[in-house]
Amino acid sequence: MGNINYDFTGRTVIVTGAARGIGLEVAKHFNNSGADVVMVDFDGDEVKQAAETIDATAVQADVSNTDDVERVVNDTVKRTGRIDVIVNNAGILRDRVLWKLTDEDWAQVLDVHAGGSFRFTRAVVPHFRAQNYGRIINVTSYSGIRGNRGQANYSTAKAGIIGLTKTSAKELAAFGITVNAISPNAATRMTASIPDEKVAEVTGPIARFADPAEMANAIAFLASEEAGYITGVVLPVDGGVSM
């Protein structure tokens, strides 16, 4: 975890896409920092197993389904009395060159990434406003800034998350709510298929993919009390690849 450990005792945190990778490391970090953590994933069995290892709450849900999202938020408030942090991390890939993308490829990726971030943000805002406090952290991508071959759908979705982050930061600041995003470059299932000879091209000066736990450190900072004057920021946590 490193030397810095922000205190989230008494806070409730929802993490989407939490069964593995960045989401799982984020859940672990908040759990170790005293938070009541709700781990959300489309794969119910996998998220349940992951949650059992860290004594968190597992919930199966589809972030592209409004009823599922509202159920997660309402059940969390009933159980803990509050929500303080939402980490919108859930994502999928349907990579194909533009002329081979189907309508379904397009719609699914946008609906999970951008749509899921929107739905959870919309669902938690009434609770954040009522307590005059909240932290929203979205996960975007370098592809959303610069584009990437074979990822027109993914790049569009991640660019949309940047727009959502900046617009909601402006709309919600008056209610004690900050909204930020990270642009990660971590070793996950999404990067595992990159050939070794290509890794140097996509990892920047540090020349390696980050451990997912390094993304958790950045997210915890943005969610902390100490980051209360930071909003509307897209923080590159990418080893310098975006320079």
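A residue counts as buried when its relative accessible area is under 20%, as exposed when it is over 50%, and as partly exposed in between. The exercises below apply this to a predicted model.

**Exercise 1. Classify the aromatic pair formed by Tyr6 and Phe221, and decide how each of the two residues is placed with respect to solvent accessibility.**

Solution. A search of the whole structure finds two aromatic pairs, and the pair of Tyr6 and Phe221 is one of them. A pair of aromatic rings is described by the distance of the centres and the angle of the planes. The ring centres of Tyr6 and Phe221 lie 6.1 Å apart, and their planes meet at 45°. Planes under 30 degrees apart count as stacked and those over 60 as edge-to-face, so this pair is tilted. Tyr6 belongs to the segment before β1 (12–16) and Phe221 to helix α8 (residues 212–223), so that the pair links parts of the chain 215 residues apart. For accessibility, Tyr6 has a relative accessible area of 16% and is therefore buried, whereas Phe221, at 27%, counts as partly exposed.

**Exercise 2. Classify the aromatic pair formed by Phe8 and Phe30, and locate both residues in the chain.**

Solution. The distance from centre to centre is 4.8 Å and the angle between the planes is 75°, which makes the pair edge-to-face. Phe8 stands in the segment before β1, while Phe30 is part of helix α1 (residues 21–32), 22 residues away. Both Phe8 and Phe30 are buried.

**Exercise 3. Identify which aromatic rings have Arg11 and Arg129 over their faces.**

Solution. Arg11 lies over the face of Tyr133, at 4.1 Å from the ring centre. Arg129 is placed over the face of Phe175, at 4.0 Å from the ring centre.

**Exercise 4. Describe the unit that contains helix α2, and work out how the buried residues of this helix are arranged.**

Solution. Begin with the strands: β2 (residues 36–41) and β3 (residues 57–60) run parallel and are joined by four bridges, and Asp41 has Gln60 in β3 as its bridge partner. Together with helix α2 (residues 44–54), these two strands make a right-handed β-α-β unit.

Next, take the helix itself, in which Val47, Ala50, Ala51 and Ile54 are buried. Viewed down the axis of α2, the buried residues fall within an arc of 100°, and therefore they line one face of the helix. An α-helix has 3.6 residues a turn, so residues three or four places apart point the same way.

Finally, consider the surroundings: the cover over the buried residues of α2 includes α1, β2 and β3, while the face turned away from the buried side carries the exposed residues Asp45, Gln49, Glu52 and Thr53.

Methods:
Residues are numbered from 1 along each chain as its sequence is written. This is a predicted model: local features need pLDDT of at least 70, side-chain atom pairs count only at pLDDT 80 or more; totals for chains, interfaces and linings use all residues. Side-chain values use heavy atoms; hydrogens and water are left out. Rings of Phe, Tyr and Trp (its six-membered ring) pair if their centres lie within 6.5 Å; planes under 30 degrees apart count as stacked, over 60 as edge-to-face and the rest as tilted. Buried means under 20% relative accessible area, exposed over 50%, partly exposed in between (1.4 Å probe, protein chains only). A charge sits over a ring if NZ of Lys or CZ of Arg is within 6 Å of the ring centre and within 35 degrees of the ring normal. Two strands pair if DSSP finds at least two bridges between them. A crossover is right-handed if, with the strands pointing away from the viewer, the path from the first strand over the helix to the second runs clockwise. The arc is that of the directions from the helix axis to the C-beta atoms. Contact means heavy atoms within 4.5 Å.
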